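This report walks a new reader through a structure, from its inner spaces to some of its backbone details. Please keep the sequence and the 3D view at hand while reading.

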Amino acid sequence: MIDFDYKSLSKGGAALISGQAIQALVAFVTNLVLVRHILPDGFGHFALVLAGASLLLSLISLRVNVLIIRLGEREYTEDVKDLYFSAISMETAVAFTIVFAWLMATKTAGLWEVLLVLTLGLRHWVEQNRAFFERTMPYRKLAYVETLVAISAHAAAAALVISGVGWVALYIREIVLTILSFVALSYVGGITLRRFRFLTIDEWKALIREARGVWLDSALEGSFHRLTILLAGFIGSDAVAGLIFQALRLAMVPHQFLAPIVTRIVANWFGRVEKQTLQDTGRDKILLVLFPPLIILALFAIAFADPVVPFLFGKNWTGVVDLFRAMAGIIVFISTFEVLRSYCLSVRRTGILLAGRAFQFAGMALPLAFALNGWLEGTLALALGLSIAYALAFVSMLVFLKLR
């Protein structure tokens, strides 16, 4: 078993959590500024392009970063590092080509759309590459870098939209965020450059075998929220997609604060601790700590969505209220689900994770079936489906793990 410097880890983790809290607060305030200057259809078109491009990226990516984080110290050789670095670089090039072809095929390849795709390609490479650095748990450095970058990008977007550029500010924010992330991570040594080489067919086969469980889960995860936005545009319009986008953004705010714990620190810890009893005990303690405050937050969201949302967002966004209430289940179950997801990926229990994903999609399908029969309004069905989906995913995974 690996000996950890728990004191340094706790300090780094606290810095990462504090930084994420600041980022979430700044993002929330900036969003209030943006919604006062951009109509729902402007947000909706951006969300649809972002969702489509991100969906394709999630289907193509093998999630090599997860493989890097969870690999044992004995297996983490120089040759393996070169292989992973090369795979990330080749994957990014292929992904960009496919996403750009999608833009051309759908006739949405305007200037800002193309710049957004270029941005997402670079961001994908940076986020995958960061795993080499994050594996060593330098959370204090990451906290400083990510917080400063996020504040700068959001400040740029707010200044631009106030100056009158409109929806263009949404695209510029993504560009600034990605470029600054690359520069700042490079400055602190967070970008790893290794010897690049083309992988052989046998190496690709071995990598795919190793990553297939992670890939399938990530593809399902990536498709879930993006398909929700795309379905909203299909059911209604860009404006409807914008309302769903904002309701989901609000419902995700608590998870933004908790994400460093449940998706990064916990995942890294699960992957590096070898005693399963310790992993299981830690998992259950985290869940017991998370549940009470999340339930209270969900009840507050239901009770006070009106008049708080119209007061914050303005009269153009009153349609968000009922959608946000219907998404209250996300507040309770997305962070707790992510704890179980991190656990399953780290201890290679992907079968249980994929079973949870099946229940997740079934939960989404149920209210949509009601909508198709005219028993429920379409966008409300999407919102309820998200809540039911994460609840079923969490409960099913927890049951399977306890019965294992």
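## Cavities

The structure, which is a predicted model, holds two cavities of 30 Å³ or more. The second largest cavity encloses about 60 Å³ of space, and its lining is made up of Ala24, Ala27, Phe28, Asn31, Gln246, Arg249, Leu250, Val253, Gln256 and Phe313. Two or more residues of that lining come from each of H1, helix H9 (238–251) and helix H10 (253–272), with H1 giving the largest share, four residues.

Helix H1 spans residues 6–37 and also holds Gln23. Gln23 counts as buried because its relative accessibility is 13%, under the 20% limit. Once residues up to four places away in sequence are set aside, Gln23 touches Glu146, Thr147 and Ala150.

## The nonpolar core

In general, nonpolar side chains in soluble globular proteins tend to be buried together. In this model the largest nonpolar core has 119 residues, and Tyr84, Phe324, Met327 and Ile330 are those with the most contacts inside it. Helix H13 (residues 328–346) gives this core its largest share, twelve residues.

Ile330 shows which parts of the chain meet around one such residue: apart from neighbours within four places in sequence, Ile330 is in contact with Leu248, Ala251, Met252, Leu386, Ser387 and Tyr390.

## The bent helix H11

How far apart are the end C-alpha atoms of helix H11? Helix H11 covers residues 276–313, and although it has 38 residues, those end atoms are only 47 Å apart, short of the 56 Å that a straight helix would reach at 1.5 Å a residue. H11 bends by about 75° at Ala305, and a proline, Pro307, follows within four residues. Pro307 is itself found in H11, and the peptide bond leading to it from Asp306 is cis, with omega near 25°.

The buried residues of H11 are Gln279, Asp280, Gly282, Arg283, Leu287, Leu290, Leu294, Ala298, Ala301, Ala305, Val309 and Phe313. An α-helix has 3.6 residues a turn, so residues three or four places apart point the same way. After H11 comes Gly314, whose phi is positive, near 100°.

## Links between distant parts of the chain

Lys402, in helix H15 (residues 378–403), brings H15 to residues far back in the sequence. Its C-alpha atom is separated by 10.0 Å from that of Asp280, 122 residues apart along the chain, and Lys402 touches Arg283 and Asp284 when residues up to four places away in sequence are not counted.

Ile179 offers another such pairing from its place in helix H7 (residues 168–187), for Ile179 and Leu122 are 57 residues apart in sequence and 8.3 Å apart in space, C-alpha to C-alpha. With a relative accessibility of 45%, Ile179 counts as partly exposed.

## Two arginines with positive phi

Most residues other than glycine have a negative phi, and most peptide bonds are trans. Arg63, although not a glycine, has a positive phi of about 60°, and it lies in the loop between helix H2 (40–60) and helix H3 (64–70). Arg348 likewise has a positive phi, near 60°, and is found in the loop between H13 and helix H14 (350–372).

Is each of these arginines buried or exposed, or in between? Arg63 counts as buried because its relative accessibility is 16%, whereas Arg348 counts as partly exposed because its relative accessibility is 45%.

Terms used
Residues are numbered from 1 along each chain as its sequence is written. This is a predicted model: local features need pLDDT of at least 70, side-chain atom pairs count only at pLDDT 80 or more; totals for chains, interfaces and linings use all residues. Side-chain values use heavy atoms; hydrogens and water are left out. The expected span of a helix is 1.5 Å times one less than its number of residues. The bend at a residue is the angle between axes fitted to the seven residues ending there and the seven starting there. Buried means under 20% relative accessible area, exposed over 50%, partly exposed in between (1.4 Å probe, protein chains only). Contact means heavy atoms within 4.5 Å. A nonpolar core is a set of buried Ala, Val, Leu, Ile, Met, Phe, Trp, Tyr and Cys residues joined through side-chain atoms within 4.5 Å. On a 1 Å grid over the protein atoms alone, a cavity is a set of points where a 1.4 Å probe fits but cannot get out, and a pocket is an open set with protein on both sides within 12 Å along at least five of seven lines; lining residues have an atom within 4 Å of a point. Grid points are joined across faces, edges and corners, and a volume is the space filled by probe spheres set on the points.
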